[in-house]
Amino acid sequence: MPDFSLRGHAALITGSSRGIGQGIALALSEAGADVVLHGLDESPADKALHGSPYLRVDLLAEGGVDRLIEEAFMANPALDLLVCNVGSYFDVPFLEMSRGIWEKTMRLNVEAAYFLTQAFAKRLTARGKTGSIVITSSTNGFQAEFDSTAYDTSKGALVMMTRSIALSLAEYGIRVNGLAPGFIETPLTSGALKNSPGLKDALEKKIAFGRVGQPEDCGGAVVFLCSAASSYMTGQVLVVDGGLTLGQLPRQ
């Protein structure tokens, strides 16, 4: 039987004060891992994680990536798991897109994940340790969405980043896999659901399981990717979307 336990492991999860990141952090913790949380909120939204170290670091700030890695390893020197989950959506219609919005999207969604992964891997290789890294992309990395050009491009980049870095780190015993959530109800998407009354109904007709995803729906996949159960997997991206991307037409 494959071992899904994460006892004896420690994980840094970026963007884990709420939403998908917090769902992942809760799942990793329940699987036995020690977790180090990260975000910009005053504290994590879920009190179940209040006993874990929480680092408030702006990854868009100069030196933010290096600061987070330094503080994370100070909080738990045994870190061997990384979940690059931080990211956001700033899009405007394509013809209104500015260089500032484009660059902010790429810096947070792509550049931060790239250099966090690099800095984390350097720490592991310097100590001769193996580990596992999970990069959160999105089904937007495979299917485009109206007026989402910068976000979609960033998520597509993360899919290829996962595969490319997996090749680079394989010789060190560091596995790199990805998670591609579909439409998950989070603080980031709640505004769209409130502002578009028919959106949730339309999504439920399109999603095979008939419901919008919740953050906890993503946790089990990441536990699997971080555990010995997936020890022969690297460079793969697991889609967790309830069947959103399976069919062309919504149910009638």
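What share of the contacts in the chain with a separation of 6 or more comes from residues 24 or more positions apart? In this predicted model, such residues account for 69% of those contacts, and the paragraphs below look at the elements that are brought together.

Going through the chain from its N terminus, the reader meets the elements in the order β-α-β-β-α-β-α-β-α-β-α-α-α-β, which gives seven helices and seven strands. For 252 residues, a compact globule would be expected to have a radius of gyration near 18 Å, and the chain agrees with this, because its own value is 18 Å. Taken along the principal axes, the box filled by the C-alpha atoms is roughly 55 × 45 × 35 Å.

The next step is to ask what lies inside and what lies outside. Of the 252 residues in the chain, 48% are buried, while the area that the chain exposes comes to about 12,500 Å², with carbon and sulfur atoms supplying 54% of it. The chain carries 21 positive and 26 negative side chains, and the centres of these two sets are 2 Å apart.

Strand β2, which covers residues 34-39, is a good place to see burial at the level of one element: five of its six residues are buried, so the strand is largely enclosed by the rest of the structure. Strand β1, residues 10-13, pairs with β2 in the parallel sense, and four bridges join the two; in one of the pairings to be found there, A11 has V35 of β2 as its bridge partner.

Helix α7, residues 219-226, can be read in a similar way, since six of its eight residues are buried and the helix is therefore largely enclosed by the rest of the structure. The buried residues of α7 are G219, A221, V222, V223, L225 and C226. What do they pack against? Their partners are helix α1 (19-30) together with the strands β4 (81-84), β5, β6 (174-181) and β7 (237-240).

Burial is also found in a loop, as T139 shows. This residue sits in the loop between β5 (131-136) and α4 (149-169), and T139 counts as buried because its relative accessible area is 6%, where the cut-off for a buried residue is under 20%. When the neighbours within four places in sequence are left aside, T139 is in contact with A180, P181 and G182, and also with V239, D241, L244 and T245. Two of these contacts lead back to strands already named, for A180 and P181 are touched by T139 and β6 spans 174-181.

Conventions. Residues are numbered from 1 along each chain as its sequence is written. This is a predicted model: local features need pLDDT of at least 70, side-chain atom pairs count only at pLDDT 80 or more; totals for chains, interfaces and linings use all residues. Side-chain values use heavy atoms; hydrogens and water are left out. The radius of gyration is taken over C-alpha atoms; the globule rule is 2.2 Å times the number of residues to the power 0.38. Buried means under 20% relative accessible area, exposed over 50%, partly exposed in between (1.4 Å probe, protein chains only). Contact means heavy atoms within 4.5 Å. Accessible areas come from the Shrake-Rupley method with a 1.4 Å probe; for residues, only the protein chains shown count as cover. Lys and Arg count as positive and Asp and Glu as negative; His and the chain ends are not counted. The place of a charge is taken as NZ of Lys, CZ of Arg, CG of Asp or CD of Glu. Two strands pair if DSSP finds at least two bridges between them.
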